[in-house]
Every structure is written in structure tokens, then in C-alpha cells.
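Visitor: I would like to go through a few local features of this model, one at a time. Please keep the answers short.

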Amino acid sequence: MLWSAARAQSTELCQPGPYKVTFSGFTVTRVQSARCRSSGLDTLWCPAGLTFVFQTMTWKFGWNSSLPVYYIRDENQQVLLYASAHTAVIYSVSKNDQHHLQGHPNVISCLCVSEDRRWIATADQGPNCLIIIWDSFTGIPVHTIFDSCPKDHGIRAIAMTHDAKYLATISDAEIQRVCIWRWTLAAETPACSLDLPEEYGFQNYLTFNPTNNKELVSNSKTQVIYYLWHEETDTLIHSAPLLTEKTFNKLVGKFSQSVFHLNSTQMLSATMEGKLVVWDVCRPPPAASASLGLPYIKPCKLVHVQKEGITVLTTVDSYIVTGDVKGNIKFYDHTLSLVSWQSHVQLSAIRSLSFSKTPATPATEKSNYPTNCMLKSGLFVIRNFIIGTSDATVYHLKADETRLEKLFTEPKGAICAIACHPYQPLLAIGSFCGMIKVWDYEKKIYLFSRVFEKGLGVQSLTYNPEGAVLGAGFTEGTVYILDAMSLQNETPQPFKYSRTCVTHISFSHDSKYMATADTNFTVAIYMRKVKDGHRVWEYLARLRSHRKSIRSLLFGVHLDTNEPRLLSLGRDLLLIEYNLVKSYRDHLEVLDIHKTDQENYPTCMIWYPPLTKERFLLICTSGYKVKLFNATTKMCRKTLLGPVFGSPLEQIQLIPVRRAIELQKRHLVFINRDKVGLQILPVDGNPHKTFAIVCHPSGVAGLALSYDGRHAFTAGGWDRSVAQWEINLRALEAAVSLGGEDLTPFYSLVAGGREGKFYRDLEDYFYYSQLRSQSIDTMETRKVSEHIRLSEVPFVMRAVGFYPSEEKIEDIFNEIKFSEYVDSGRMIDKINLPNFLKIYLNHRPPFGNTMDAVRRSFDILGHTNSEGQKVIRKEDFLRLLLTKGEHMTEQEMSDCFAALLGLQPEGWNSEPAASGGSEIRFEEELPDEITAEIFATEILGFTVSPNFRPDLPTAGEAAGHV
């Protein structure tokens with residue numbers, strides 16, 4: 001931008017703000033922001049109640065095992081509640097059915113339920129964080145609390161009173177805030193709040209006294225805090241005595257959870273040393289005067305109840321219950337005497353215990369309750385309960401039968417690898433914990449899985465086109481080829497030719513080749529051969545072909561020979577094609593190398609469907625552009641505005657078609673940093689053809705499509721979840737039609753639309769350019785037409801504030817010249833205003849010229865002066881313009897500065913050949929040190945605002961600068 005701006009004459013720019021589109025006539029409004037679309041809504045409503053649902057989440061695979069799982073109902077069916085990314089899931093085990101509680105913009109950080117399981121409260125962490133209270137019977141949100149904590153830190157812990165009237169939260173900030181909310185009164189502000197000192201540690205657990213909804217307890221690893229809410233004055237007092245090893249002359253350990261004792265006069269805090277700290281709650285008599293002091297707690301005794309660290313502490317009926325790191329669950333009476341011990345070898349550390357709200361069935365002769373551990377032996381009668389463990393497994397224990405039933409096991413590590421079978425409804429999910437799990441995504445049934453040895457994390461998965469094998473790449477560089485139906489090895493030993501993470505796996509259309517890419521910028525090829533009547537896979541060659549990360553690895557087909565071709569795309573801006581025919585053992589031949597862009601790195605690529613006679617390769621860039629390259633020559637044929645939803649596209653896939661009639665109407669599914677979306681083809685820059693919704697707020701790691709094109713799947717990385725989306729293309733087509741036809745959608749991308757000042761000025765520039773090309777001083781009759789010459793396009797672009805580089809100008813020329821070549825065989829040397837508008841909108845930067853871009857250039861090219869500013873010395877600045885990048889000639893530089901600094905000699909005009917011969921001393925007008933701000937405001941003449949949106953010059957001002 002630094003160099004192209006210096007080439008342009010003095011002109012100011014008006015760029016449109018966020019794209020806002022209103023579908024009139026149907027009372028459907030859609031807002032699409034060029035900066036960010038943060039809404040998680042996936043529905044557009046119209047007055048009649050009809051809903052346009054483009055993508056509906058139908059299933060959630062995986063759950064956040066660091067949060068509790070709750071037992072919601074247990075009468076005739078087992079119904080659970082758990083969190084999965086930014087969605088709370090109500091799951092019926094018996095019906096194998098999910099209901100999704102959607103509304104959070106960030107990953108859910110904590111949740112709780114009321115004692116009667118009617119009300120659910122969820123909270124999240126991050127920008128625009130929310131607290132939402134739901135009705136578990138209907139799944140409808142009944143109250144939402146906005147602005148629940150300052151600076152969008154979010155909520156760390158949440159609790160609800162026994163009678164469900166009040167809610168308490170602890171924020172996730174450095175200075176944590178405890179708040180109590182009267183949510184049943186629809187209050188938007190807390191009834192009271194308290195900021196906690198940093199020395200109390202990070203409080204991560206909170207609960208109410210079940211017998212007194214004005215008392216609470218929370219704890220960090222080092223500090224336990226007791227709270228009392230004075231409702232009359234809406235104040236929250238607290239007591240937090242410091243507990244050290246000297247208190248009991250014994251090691252206490254780190255606190256895990258705290259509860260109020262069954263007798264309500266004491267509290268209990270569990271530690272990771274297997275101990276319970278007993279606290280006395282000292283409350284002054286109700287009628288006592290203030291002189292007697294405020295309630296407080298003091299440590300009473302330390303009870304070493306077991307060897308294993310206690311991870312869960314709760315109460316149920318007349319028992320105090322603990323869960324520990326060894327998977328043991330123990331029940332104590334009010335004296336802390338052991339009553340019962342549930343020990344199961346297969347359990348890992350207990351993360352949560354949730355008991356049924358239905359009381360235990362009284363013991364009968366047919367009951368199978370276990371006996372207790374007391375001296376006076378008897379049956380141990382307890383409610384059924386749900387167990388959540390650290391390895392992401394959920395169990396159901398039916399106490400009457402002493403039967404432990406595993407309900408489901410999900411990956412406990414990040415999920416980055418997902419793949420769909422090419423002709424069956426199978427979904428393979430790979431996790432960093434080494435698990436590959438295969439589901440029938442239509443019936444929502446888990447089929448089979450394999451857990452690899454420790455240290456092998458699954459990074460990439462791909463089925464071959466035949467659906468017979470599954471390629472798996474691992475985080476430490478190993479590559480497995482597995483049988484698709486059993487996950488057993490297809491090769492005697494895995495391939496270990498890489499020492500870094502294998503990020504991409506791809507198969508050729510005939511399954512003859514498999515290619516992998518790793519984080520060491522290396523491409524490796526494996527080949528299938530037939531030996532002794534059996535198909536075997538062998539390593540062929542590898543090459544470190546890129547200098548930066550490989551973004552895509554793509555097989556194609558040579559149209560003349562039907563042989564496979566392989567291309568890789570790197571962040572180093574290079575598109576590399578390999579010669580598979582001439583490659584041999586330990587030698588991977590490169591066919592050709594092409595640069596895809598000057599500054600914006602490519603993010604992904606696919607083969608563009610045959611919607612035209614010319615075959616294209618579609619490449620997305622970090623500049624929110626979609627570029628079409630000729631599949632044979634690699635010439636950039638078109639540059640188009642891609643989906644703009646807050647971040648560049650990361651992956652794209654073409655939706656498969658089920659019928660031949662659908663071949664001329666194709667669609668793409670894409671993901672960016674946190675959204676999944678749809679794009680209608682052909683790509684032309686129309687913003688109405690795209691739609692996106694938030695799918696994983698913490699980041700999307702993978703994308704897969706079902707073989708029939710009906711479902712999309714997104715992997716959430718460290719949120720440990722996979723979302724299944726049902727695709728409704730008819731709804732998208734219907735909504736797009738409301739955006740208008742021809743140029744109507746494009747007018748909305750410029751300030752003021754078709755009747756605005758920008759478009760009127762553009763018309764003036766367009767016709768002035770015709771006059772300029774016919775010579776300003778001529779007295780001949782003017783010939784005004786609807787077109788301008790190709791050579792005039794860059795000047796009009798610069799007049800409206802877009803400063804393309806020479807390479808971009810060449811791409812624009814090629815795009816116009818060859819636009820009709822395939823169909824008619826002739827090249828175009830002129831362009832009309834509607835087509836110019838499309839070219840301009842598709843090629844310009846999506847956010848205009850920003851001050852950040854200028855500063856980045858100065859950070860790289862400049863040095864820090866004595867005042868701590870990044871500057872470029874005048875002599876270095878001029879030298880860079882003459883020698884680096886698309887360098888200028890001295891005459892070009894002199895002409896530019898003459899226009900920018902107003903140094904044109906008398907009689908100077910804007911004719912192409914009129915500026916030569918004059919000697920202009922512009923160096924004297926430049927400061928010795930040039931900062932980014934001086935360059936933008938004093939040299940280029942931009943008006944800098946906080947968001948740096950320079951204003952558009954008037955037609956008269958711009959006429960002298962074209």
C-alpha cells in the first residue's frame with residue numbers, strides 16, 4: 001500500500017462502512033458487516049411465521065468434561081444436561097435425542113441447575129458475555145443478563161439457591177466480583193456485589209447454603225470464603241480466614257470444592273490431599289446488636305478421610321459424598337464416618353456427581369441395594385446418580401441394582417480431524433488424545449473406535465475415494481493407513497518419514513497416490529502398488545517445497561490423460577504443482593511454481609466446478625478475496641470479493657450434488673475463524689450470496705461434508721466438540737432472491753447506494769476519463785460513449801481511492817481482456833460503468849485504506865528514533881521508492897510528489913505526456929524523518945480518523961488528479 005499510494009495523485013477516499021442489506025417487500029432484514037458478524041442466530045424471520053433456516057445444528061458430538069454433567073430427569077428416561085462449546089445440550093439417553101440451548105456468543109464457562117431441575121443457568125466468558133436462565137421443560141430462555149461483568153471477562157462460577165429465586169456468580173477477571181441476582185424479577189443489575197482481593201486466589205467454585213439462601217461459600221486452591229447477603233441493605237459481607245500448615249500443624253493441601261455441612265452450623269472444604277477441613281460458622285443471634293460483630297468462619301478441625309485427593313464434594317439426603325482422583329465415590333454420615341464406598345476399577349478421576357431428583361426407592365425383599373460399611377450393617381439406600389470423569393466418560397449408577405452403566409465416552413483432547421465417508425453416512429472424529437471414533441451420523445449411533453498409544457494425537461483424517469481406507473496423520477509425524485470399517489492397520493508398520501505434525505492428507509481420484517503435508521513445510525507422496533496379488537502402500541518421495549506453512553494439498557486430474565496431478569499451496573504465496581510421472585524413490589519432481597498474490601497469503605483452495613467452459617482453480621486469500629486461476633496456465637483470471645464475516649476463510653468444500661440437474665447450480669461450504677457458512681456459485685462478489693453463523697466461538701479447526709451434501713460437520717479444536725449442521729439450500733436461494741438482481745446488490749456496497757454521492761462522482765470520473773483520453777485541449781467534437789479504454793481504468797480507480805499495484809493492474813487488465821475470450825475468441829479493450837463498478841468493488845481492499853496497514857509498513861521499513869517513533873529518513877524513503885518493490889523511475893516519483901505536494905508548475909495539466917521536462921525540487925518539502933502519520937496526512941493528504949476512513953474528494957478536486 002505504501003508504494004501504490006505514493007504512485008497515486010493527491011486524492012481522498014470514501015469507503016463504505018459495514019455492509020447493510022435490507023430485503024424489502026418481505027419484511028426480512030439481514031445485516032452483514034464487513035468487519036465482523038458476531039451474531040450466533042441462524043434464522044431469518046418473516047411476518048407470517050415462516051423461518052428461513054440455512055444451517056440448523058442437529059447434533060453435538062463431544063462435551064466439555066471440565067464442567068459438570070447434570071441429571072435432569074429419571075422417571076421413565078435418563079435425561080442429562082452438559083455443555084458442548086457454546087451450547088448447552090439436554091440429552092435423552094433412552095430416546096437418543098438432543099435438544100440444544102443456543103444463545104451464547106462464547107464458550108460456556110459454567111452452568112448450574114435448580115434443585116427441582118426445572119431451571120438451568122448458563123454463563124460464558126469473552127466479548128458480550130451473557131448469563132441465560134432456561135426452562136428445562138421447554139428449552140426456552142426465560143431471562144438473559146447482559147453486561148454481567150466489566151470488560152467482558154465473563155463468568156467463572158455460578159450457583160442457584162435451593163428455591164431457585166436467586167443466582168450468584170463470580171467473574172473471571174483478575175479482580176473477581178461476586179454478584180447476587182434477583183433473576184426472577186428480571187433484574188438487569190445485581191442486587192449486591194463484592195470485589196475480592198487478589199490475595200484470595202482465583203475463586204473457581206461457588207455454592208449456596210441449601211437451608212439458607214443468604215449464605216454462600218466459594219474457594220480457590222488456597223482460600224475459602226464465606227459470604228452473607230444482607231438483603232435489607234443489599235450488601236454482601238464475607239469472612240476469609242487464612243489457613244496455613246501451621247493452623248493444624250499438618251499439610252492441608254489445595255482446596256477443590258466446599259459445601260455447607262448437613263447441620264448448617266459448619267462448612268466442609270475438600271483438599272487434594274484427601275482431607276476435609278471443617279469450618280465453624282459463627283453467627284451472632286438475630287436480636288444481637290451490631291457491637292457483637294458480623295458472622296465469620298473459623299477452622300475447627302482437619303479430618304484425613306482418605307489417601308486419594310478429593311475432586312468432588314457434595315451432599316445428598318443425609319450423606320456427604322466425595323469423588324476422588326482414583327475414581328472412588330465415598331459416602332459419609334454427618335460425623336464423617338464412612339457409610340459406603342463405590343469403587344470401580346475402570347473409572348478415572350471424578351469430575352462431577354449429580355443425583356436424581358427422584359428419591360430412592362425404599363428397600364424391599366427384591367431390592368439389590370449394597371450393604372453399608374457401618375458396624376450395624378444394613379442396606380445402603382441411595383438415589384441413582386450420574387458420574388462424569390476426567391477422561392470425558394459419563395456413567396449411570398443404578399443404586400438398586402448396583403450396576404454401573406457407561407453412557408458415552410468422548411474425546412478428552414482437542415478435535416481437529418474429521419472426515420466423512422464418500423458413500424456411507426459415517427463420520428470419523430480424531431482427537432489429540434489419540435482416539436479415532438466413527439459414528440453413523442444419520443442414526444446418531446457410535447459404531448467403533450480405536451485409541452492409539454500415548455503421545456499419538458490425531459491431527460488429520462481423510463477417506464480415500466473408494467471408501468476402503470482411512471488416512472490418519474498424527475501430531476508427532478506418524479502416518480497410518482487404516483481399514484475404514486475396523487480401523488486396523490492396512491500396512492505392517494505406520495510411516496514415520498516426518499518428525500513434525502502431519503496437517504494434511506489427500507488421496508488421488510483413483511486412490512493410486514496419497515500425499516501428506518507437515519508443519520515442516522514438507523510434502524510427502526505414498527503410492528499404492530500390487531504385490532503378490534495384494535495392494536500395498538509404499539513411500540515414494542518427499543520434498544520441503546515451501547518456506548512457510550502449507551495451507552492446502554489438492555489432487556486433480558489431467559483432462560487429456562486422466563492421470564492424477566498434485567498441487568500444494570503455502571503461506572509463502574506459492575502455488576506448486578508436482579510431476580508425479582517423473583517422480584521416483586526419494587525424488588519428488590516439481591512441475592511449476594506460481595505466485596498467487598503480492599501481499600495477502602492464500603488460505604485454501606479447491607477445484608472450481610465446471611460452470612463455464614474454462615476450468616479454474618479457486619484460491620481464497622487473507623485479504624477476503626476469492627481468486628480464480630486458469631487450471632492449466634495458472635494465470636489469475638478473476639479476483640472477487642469473498643465472504644466477509646470477521647476473519648478470512650480457512651477451509652472451503654464444494655457441496656456434492658445428488659442429481660444431474662443440480663450440476664449447474666453449485667454451492668460452497670466454508671469456515672473461517674469461528675463461523676461456518678454457505679456461498680452460492682458462481683462467485684461474483686454479491687454479498688447476498690453468502691451466509692454464516694457462529695459455530696465454534698473459540699475457533700473452528702476442521703470441516704467435512706456428507707456424501708449427499710445434506711450435512712456439514714465442524715470441529716471445534718480445543719472446545720472438544722463436533723457440530724452437525726443440516727444444510728437448507730432452498731432457503732438460501734429464496735433469501736438471496738430478495739436482495740435484488742443485476743447491479744442492485746452491488747449498489748449496497750458503496751456509500752449512499754445508487755443515488756449516493758460516491759456513485760455520482762464515479763460517473764463524473766468515468767466520463768471525464770473519456771474526455772482526457774481524447775485530449776483536454778482539443779477543439780474537435782467529443783465522442784461520448786458508455787465505455788472507457790482499458791488504459792484509463794487505473795486512473796479512475798485511483799480517483800475513487802483505490803491504489804492498485806502494477807501487478808494488480810495487470811490482473812485487472814487480464815480479467816477484462818479475457819472475459820469473453822473463451823466464448824467468442826476475442827479480447828476486450830474497453831469497459832462500461834456497470835462492469836467497472838463490479839471490478840472496483842471486487843478488487844478494492846474490503847476495509848479500505850487503514851492506518852494500521854501504513855504503520856505495519858513503517859514498522860518493517862523504518863527505525864526507532866530518539867522519541868520512540870518508527871520513522872524512515874528522507875533519503876532512505878526516496879531510495880526505497882526508486883529501488884524496492886515495484887520501484888518508480890525518477891520522473892514518475894517527481895510527478896507524484898508534484899501532485900501530492902501541490903508543486904505543479906504554471907500551466908501544468910493532467911495530460912499523460914504534459915508533465916515531462918519540468919524540474920521540481922520536491923525534496924525540500926519533505927521532512928528529514930517521515931512517520932506513518934506524516935506520510936498519511938501531510939504527504940498523501942488523508943484525513944485520519946480513529947478507524948481511518950478517508951473522505952472522498954469532490955469531482956472537481958479529483959478531476960485534476962486523475
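Visitor: Which residue in S7 does Tyr70 stand opposite?
Guide: This is a predicted model. Strand S6 covers residues 70-73, and three bridges join S6 to strand S7, residues 79-84, in an antiparallel run. The residue in S7 that stands opposite Tyr70 is Leu81.

Visitor: Which strands stand at the edges of that open sheet, each with a single partner strand?
Guide: The open sheet has four strands with antiparallel pairing, in the order S6-S7-S8-S9. A strand with a single partner has one side left without a neighbour in the sheet, so the edges are strand S6 (70-73) and strand S9 (97-102).

Visitor: By how many degrees are neighbouring strands of this sheet turned against each other on average?
Guide: The sheet in question is the open one with the order S6-S7-S8-S9. With direction ignored, the average turn between its neighbouring strands is 30°.

Visitor: Asp572 has no salt bridge; how far away is the nearest side chain of opposite charge?
Guide: Asp572 is in the loop between strand S46 (564-570) and strand S47 (574-584), and Asp572 is buried. Its side chain has a polar contact of 3.1 Å with the side chain of His546. A salt bridge needs a nitrogen of Lys or Arg within 4 Å of a carboxyl oxygen. The nearest side chain of opposite charge is Arg547, and its distance from Asp572 is 4.9 Å.

Visitor: How many residues apart in sequence are the parts that the pair Asp597 and Lys627 ties together?
Guide: The side chains of Asp597 and Lys627 meet in a salt bridge of 3.1 Å, N to O. Asp597 lies in the loop between strand S48 (587-595) and strand S49 (602-607), and Lys627 lies in strand S51 (residues 625-630), so the separation in sequence is 30 residues.

Visitor: Is Lys627 buried or exposed?
Guide: The cut-off for buried is under 20% relative accessible area. Its partner Asp597 has 8% and is buried. Lys627 has a relative accessible area of 4%, so Lys627 is buried.

Visitor: Why does Arg754 count as partly exposed?
Guide: Arg754 is in the loop between helix H4 (744-747) and helix H5 (757-773). Leaving aside neighbours within four places in sequence, Arg754 is in contact with Tyr747, Tyr759 and Glu763. Partly exposed covers the range between under 20% and over 50%. Arg754 counts as partly exposed because its relative accessible area is 32%.

Conventions:
Residues are numbered from 1 along each chain as its sequence is written. This is a predicted model: local features need pLDDT of at least 70, side-chain atom pairs count only at pLDDT 80 or more; totals for chains, interfaces and linings use all residues. Side-chain values use heavy atoms; hydrogens and water are left out. Helices (H or I, at least four residues) and strands (E, at least two) are DSSP runs, numbered from the N terminus. Buried means under 20% relative accessible area, exposed over 50%, partly exposed in between (1.4 Å probe, protein chains only). Contact means heavy atoms within 4.5 Å. Lys and Arg count as positive and Asp and Glu as negative; His and the chain ends are not counted. A polar contact is a pair of N or O atoms within 3.5 Å; within protein, one must be able to donate a hydrogen and the other to accept it, and residues adjacent in sequence count only if both atoms are side-chain atoms. Two strands pair if DSSP finds at least two bridges between them. Axes are lines fitted to C-alpha atoms, for helices over the stretch in contact, and angles run from 0 to 180 degrees between N-to-C directions.
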